[in-house]
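Morning, everyone. Here is the next structure for the group meeting. Have a look at the sequence and the fold, and then we'll go through them.

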Amino acid sequence: MENNVTEFILMGLTQNQEAQQICFFLFILFYMILMTGNFLIIMTIQRSPNLNSPMYFFLSFLSFVDICYSSVTAPKMITDFQVKVKRISLVGCMAQLFFVHLLGGTEIFILTVMAYDRYVAICKPLHYLTIMDWKFCSILVVSCWLGGFVHTFIQTMLTVHLPFCGPSLIDHYFCDVHPLLKLACTDTYVVGLIVVANSGMISLISFVILVGSYTVILLSFKTRSSKGRRKALSTCASHITVVILYFVPCIFIYLRPSTTFPEDKMVALFYTIITPMLNPLIYSLRSVEVKNAMRRLWIKRLLGRNRRDPDGKFDGIGTVVPAPKNVVGNLSVISPQSYHTNT
């Protein structure tokens, strides 16, 4: 069938004018917090020699993906609050679909890799440096990108070849698979099943792996003191919170037949805006080591210092005092004790 549609009209989050103005300022604030927090994490990790372990390498990569991921949808959504007709071209819609699933799939895989890194660091600390060397970490990051690309290639190719002959009204604030399947002028049953197998099962399997890995980590502390168990529970609970905020909405959206609900737009906010905004706080700013590195970095800038002090920290009045480190070669050792002390 011939494709008669050259552009789509997005309905956005709400049609209420007053609510749109409130959302405009609210999501500008959310986007600024998201960008500032993630950029701060990347800069701190890149400029702090003592944050050179795989854990922080993956954290900086997660922050980079979060910045790109939210930037695919948030700026368009924010500007659409100020226009009456929210238009997007067919090409722009397909491009947005491609990058949403590329970066979303990559984030799913990097969160899974981070859980594996924590499992090795806590359950196999003596073999951590051997297993998580820089070559293996680089392979894991490349694999995350490849996994995201394969995922989005399937989603995009299925959608691009669908015929659209009208209407062109998308009940969403960005172009996604299910709203587009609803507008297609052909039977999309088989395509919907492939979407469930692709997006839905990836989200579900990764979620099970993540919850399982953190459960194993918690069980490994059953022989430790009650204080150690409380710290382990606090740390893993924070990470599991991010996992739930990201994966449960993804599972709700994609692990079902190609149908749409009015609640889909609000649910999608969790994995496109809310979770990327919270990731720096939950994954990084809870770490004493990261907070100390930020303090040293910005105090040195305020004092006009140009040299780095990787082996010392400020005592609060600008004096650098030695800080012992447990380093083998050029890679920091993260033992279970130090991990829970720093988080």
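Let me start with a question: which residue lies over the face of F252? The residue is R256. R256 sits 5.1 Å from the ring centre of F252. Before I go on, a reminder that this is a predicted model.

Now the overall picture. The protein chain has 343 residues, and buried residues make up 50% of them. The chain holds 11 helices and 7 strands. Take the contacts with a separation of 6 or more. Of those, 78% are between residues 24 or more positions apart. The accessible surface comes to about 16100 Å². Carbon and sulfur atoms account for 68% of that surface.

Next, the annotation. The UniProt entry is unreviewed, and it places the feature "transmembrane region" at several spans. Among them are residues 19-43, 55-74 and 94-116. Further along, the record also lists 136-154, 189-221, 233-255 and 267-285. How does the model look over two of these spans? Residues 19-43 are 100% helix and 0% strand. The end C-alpha atoms of that span are 36 Å apart. Residues 55-74 are likewise 100% helix and 0% strand. There, the end C-alpha atoms lie 28 Å apart.

On to the rings. A pair of aromatic rings is described by the distance of the centres and the angle of the planes. How many aromatic pairs does the structure hold? The count is 16. I'll show two of them.

The pair of Y116 and Y119 comes up here. The ring centres of Y116 and Y119 are 6.5 Å apart, and the planes are at 35°. Why is this pair called tilted? Stacked needs planes under 30 degrees apart, and edge-to-face needs over 60, so an angle between those limits counts as tilted. At 35°, the pair of Y116 and Y119 is therefore tilted. Both residues belong to helix α3, residues 90-123. They are 3 residues apart, which means about one helical turn between them. Y116 is partly exposed, at 36% relative accessible area. Y119 is partly exposed too, at 24%.

Now the pair of Y254 and Y271. Centre to centre, these rings are 6.4 Å apart. The angle between their planes is 50°, and the pair is tilted. Y254 lies in helix α8, residues 226-254, and Y271 lies in helix α9, residues 264-285. So this pair ties together parts that are 17 residues apart in sequence. Buried or exposed? Y254 is buried, at 4% relative accessibility. Y271 is buried as well, at 1%. These two rings also belong to a cluster. Ring pairs link F207, Y246, F247, Y254 and Y271.

Last topic: the cysteines. A disulfide is a covalent bond between the sulfur atoms of two cysteines. A search of the whole structure finds 2 disulfides.

Which cysteine is joined to C93? The partner is C175, with an S to S distance of 2.0 Å. The torsion about the S-S bond of C93 and C175 is about -125°, so this disulfide is left-handed. The pair links distant parts of the chain, 82 residues apart. C93 is in helix α3, while C175 is in the loop between β3 (169-170) and α6 (177-183). C93 is buried at 0% relative accessibility. C175 is buried, also at 0%.

The other bond joins C165 and C185, with sulfur atoms 1.9 Å apart. Its torsion is about -120°, so the disulfide of C165 and C185 is left-handed. C165 lies in the loop between α5 (134-160) and β3, and C185 lies in the loop between α6 and α7 (189-219). So the bond ties together parts that are 20 residues apart in sequence. C165 is partly exposed, at 31% relative accessibility. C185 counts as buried, at 16%.

What pattern do the disulfides follow? Count the bonded cysteines along the chain, and the pattern is 1-3, 2-4.

Two further cysteines to mention. C23 is buried, at 16% relative accessibility. C144 is buried, with a relative accessible area of 1%.

That's my set. Questions, please.

Key:
Residues are numbered from 1 along each chain as its sequence is written. This is a predicted model: local features need pLDDT of at least 70, side-chain atom pairs count only at pLDDT 80 or more; totals for chains, interfaces and linings use all residues. Side-chain values use heavy atoms; hydrogens and water are left out. UniProt positions are given in the numbering used here, feature names are shortened, and annotations may be inferred rather than shown by experiment. Helices (H or I, at least four residues) and strands (E, at least two) are DSSP runs, numbered from the N terminus. Rings of Phe, Tyr and Trp (its six-membered ring) pair if their centres lie within 6.5 Å; planes under 30 degrees apart count as stacked, over 60 as edge-to-face and the rest as tilted. Buried means under 20% relative accessible area, exposed over 50%, partly exposed in between (1.4 Å probe, protein chains only). A charge sits over a ring if NZ of Lys or CZ of Arg is within 6 Å of the ring centre and within 35 degrees of the ring normal. A disulfide is a pair of cysteine sulfur atoms within 2.5 Å. Contact means heavy atoms within 4.5 Å. Accessible areas come from the Shrake-Rupley method with a 1.4 Å probe; for residues, only the protein chains shown count as cover.
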